[in-house]
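The following paragraphs lead through one structure, going from a single residue to a core, then to a pair of helices and finally to the loops. Please keep the sequence and the structure in view while reading.

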Amino acid sequence: APWPPPPPPPPPSARRDGLLARLADGDGWLIALVVFVQMLSNALLTQAVPSALYAHLGQDRVATAAALGRISSSAALLDILVTPQLGRLSDTIGRKPLLVGAPALALLCRGVAASRPTIRVLVIVKLLSLLLTSTFSVALRASIADTHRDDPAALTGKLGLVSASAGAAYSVGML
């Protein structure tokens, strides 16, 4: 028998069921799936913007590259300015509203882009999607850290799973 014996399971009234509770509690496969889908949709949107810009700008490669540079710089600046505020928001209102709200809003934005794929809509949706993905990532990482603060090995494993899922999604999405 292992020593010390494992702790008894929590009583049924203390168990948290449901997908959101499993995500907030750090269920590895659910985290991997949600992160993969979120990042895959970002990767696919990232693929659409250069082609749309290229066509919109009269197939001018220099103008397309300059526009993509401005969009990427804007997204990075937005991320730098907003991410610390997202951490504060997550601490204030809790993790769950952000874990649910950010992917739901991102899905809505991507639906708008799919139904109306103009260059303006694609660029706006790209920026909003990146912001919403940052929101989700901040809340998810904070939730994982909250859940596994007393177990560094589990914390490292879950955060590694998040990074691996995001990397796999971008790899698949860029094919």
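In this predicted model, a convenient place to start is S129, which lies in helix α5, the stretch that covers residues 119-147. The relative accessibility of S129 is 0%, and because buried means under 20% relative accessible area, S129 counts as buried. If residues up to four places away in sequence are not counted, S129 touches N42, L45, C109 and R110.

From this residue the view can be widened to the nonpolar interior. The largest nonpolar core has 27 residues, and those with the most contacts inside it are I31, V35, L53, V125, F136, L140 and V162. At least two residues of this core are supplied by each of α2 (28-56), α3 (61-93), α4 (96-115), α5 and α6 (152-173), and the largest share, ten residues, comes from α5. In soluble globular proteins, nonpolar side chains tend to be buried together. One of the core residues with the most contacts, L53, touches T64, A67, L68, I71 and I119, again without counting residues up to four places away in sequence.

How, then, are α4 and α5 placed with respect to each other, and what angle do they form? The two helices pack at an angle of about 165°, with their axes 9 Å apart, and since an angle over 145 degrees counts as roughly antiparallel, α4 and α5 are therefore roughly antiparallel to each other. Their crossing is left-handed. On the α4 side the contact includes L98, L99, A102, P103, C109 and R110, while the α5 residues that take part include V121, L122, V125, L128, S129, F136 and L140. Sorted by character, the residues of the contact of α4 with α5 divide into 17 nonpolar, four polar and one charged.

The loops complete the tour. G94 has its place in the loop between α3 and α4, and with a relative accessible area of 23% G94 is partly exposed. Although G94 and A142 are 48 residues apart along the chain, their C-alpha atoms are separated by 9.8 Å.

Another loop, the one between α2 and α3, holds Q59, which counts as exposed at 55% relative accessibility. The backbone of Q59 also deserves attention, for its phi is near 60°, a positive value in a residue other than glycine. Most residues other than glycine have a negative phi.

Notes: Residues numbered from 1 in each chain as written. Predicted model: local features only at pLDDT ≥ 70, side-chain atom pairs only at ≥ 80, totals over all residues. Heavy atoms only, no water. Helix = DSSP H or I, 4+ residues; strand = E, 2+ residues; numbered from the N terminus. Buried < 20%, exposed > 50% of the residue type's maximum accessible area, 1.4 Å probe, protein only. Contact = heavy atoms within 4.5 Å. Core = buried A, V, L, I, M, F, W, Y, C linked by side-chain atoms within 4.5 Å. Axes fitted to C-alpha atoms, helices over the stretch in contact; angles between N-to-C directions. Parallel < 35°, antiparallel > 145°, perpendicular 65-115°, else oblique. Left-handed = near helix turned anticlockwise from the far one by under 90°. Nonpolar A, V, L, I, M, F, W, Y, C, P; charged D, E, K, R; others polar.
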